[in-house]
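Me: Please take a close look at one part of this model, the surroundings of the ligand, and tell me which residues and contacts make up that site. I would also like to know how far the coordinates can be trusted.

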Amino acid sequence: MTAVAPPILETTGLKAGYFEVNILHDVSIAVPRGAIVSVIGPNGAGKSTLLKTIYGFLKPRDGRVVYRPDGAEHDITGLRPNRVTALGLSYIPQLDNVFPNMSIQENLEMGAFLLRTGVDERLERMFELFPLLRERRRAKAGGLSGGQRQMLAMARALMSGPDLLLLDEPSAGLAPNVVDEVFDKIREINAAGISMIIVEQNARRSLAMSDYGYVLDMGRNRFEGPGERLLHDEKVVDLYLGGRGRLAAAAPSGEDYEAAERPPPPAQRRFRL
Ligand SMILES: Nc1ncnc2c1ncn2[C@@H]1O[C@H](COP(=O)(O)OP(=O)(O)OP(=O)(O)O)[C@@H](O)[C@H]1O
Ligand SMILES: [Mg+2]
């Protein structure tokens, strides 16, 4: 029997919120090494709050976040974002994810601020992965289209050489053909060995390309399972994928929470970015 590699990231019993309001009540997720994991759920469910808590913008009030990049284990609960980045975890917020007044190249260099050496090599890798950014590297990021900006935000997050990327709504506000391009690029980055958590309104598309998915509702785990299984789960479809009347009777009781077996890690990927 081969031992299953432990998840690259795990949260257990996370509680977090803003001021006196608690938003995450008890959130536990696991990201298998090399996997794409989707987090879906209604507006206000706490999806963005979960990413912010993992990345250290918000200190959890309870629970733990454990990160296991290659061969190491770090308790990153409450660690600040720059320390989290240094351990190989990058975050792409939904909004304001590029510096509009800086050039594309300067934006990318900002993404590598923690690297002492090798910035030029990483820049070259990013230009190979996103050829359009090379062509326009001296242009201001503010002049890019929505889709191009999203590509720049991804490239910037990759500049620090992460093993895990957190993406908040990468397809929000983009035209359908541009959404396709962004999703293709996400697959390509993942195929290079980078694990991902994706929060998406475009839940069907996101689950379809995910190894595993979680439904959050009102700050709690509501459903989880392999992406394909959630896509075809009657209750998930009814309640969260626009089945019969979105969100009707969606208040989580906790009793019908469906846990599933955690997935095995995907097959070994080819190379690293
Ligand atoms: N900075 C903040 N200060 C106070 N409350 C906040 C803050 N950010 C979010 N909230 C509240 O926390 C709750 C969860 O918000 P969050 O942004 O995590 O939800 P979400 O699942 O990402 O929703 P959406 O799908 O709309 O992006 C909401 O009620 C929101 O109003
Ligand atoms: Mg959000």
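**The shell around ligand 1**

Reply: Helix H1, which spans residues 47–55, contributes 3 residues to the shell around ligand 1, the largest share. The model is a predicted one, and the mean pLDDT of the chain is 89, with 88% of the residues at 70 or more. Residues 245–256 have a pLDDT below 50, although in the model this stretch makes 21 contacts beyond near neighbours in sequence. Where pLDDT is low, predicted coordinates should not be read in detail.

As for the site, the residues around ligand 1 are Tyr18, Ile23, Pro42, Asn43, Gly44, Ala45, Gly46, Lys47, Ser48, Thr49 and Gln201. By character, this shell divides into 4 nonpolar residues, 6 polar ones and 1 that is charged.

Turning to individual polar contacts, a polar side-chain atom of Thr49 is placed 2.4 Å from an oxygen atom of ligand 1, while a backbone N or O atom of Gly46 lies 2.9 Å from an oxygen atom of the ligand. On the side chain of Tyr18, an N or O atom is 3.4 Å from a nitrogen atom of ligand 1. Taken on its own, ligand 1 has 640 Å² of accessible area, of which the protein covers 60%.

Apart from the ligand contacts, the structure holds 7 salt bridges, one of which joins the side chains of Glu10 and Arg68 at 2.9 Å, N to O. Because Glu10 belongs to strand S1 (residues 9–18) and Arg68 to the loop between strand S4 (62–67) and strand S5 (74–75), this pair ties together parts that are 58 residues apart in sequence.

Terms used: Residues numbered from 1 in each chain as written. Chains lettered and ligands numbered in written order. Predicted model: local features only at pLDDT ≥ 70, side-chain atom pairs only at ≥ 80, totals over all residues. Heavy atoms only, no water. pLDDT = per-residue confidence, 0-100. Contact = heavy atoms within 4.5 Å. Near = heavy atom within 4 Å. Polar contact = N/O pair within 3.5 Å; in protein donor to acceptor, adjacent residues only side chain to side chain. Areas by Shrake-Rupley, 256 points an atom, 1.4 Å probe, with all protein chains shown as cover. Helix = DSSP H or I, 4+ residues; strand = E, 2+ residues; numbered from the N terminus. Nonpolar A, V, L, I, M, F, W, Y, C, P; charged D, E, K, R; others polar. Salt bridge = Lys/Arg side-chain N within 4 Å of Asp/Glu carboxyl O.
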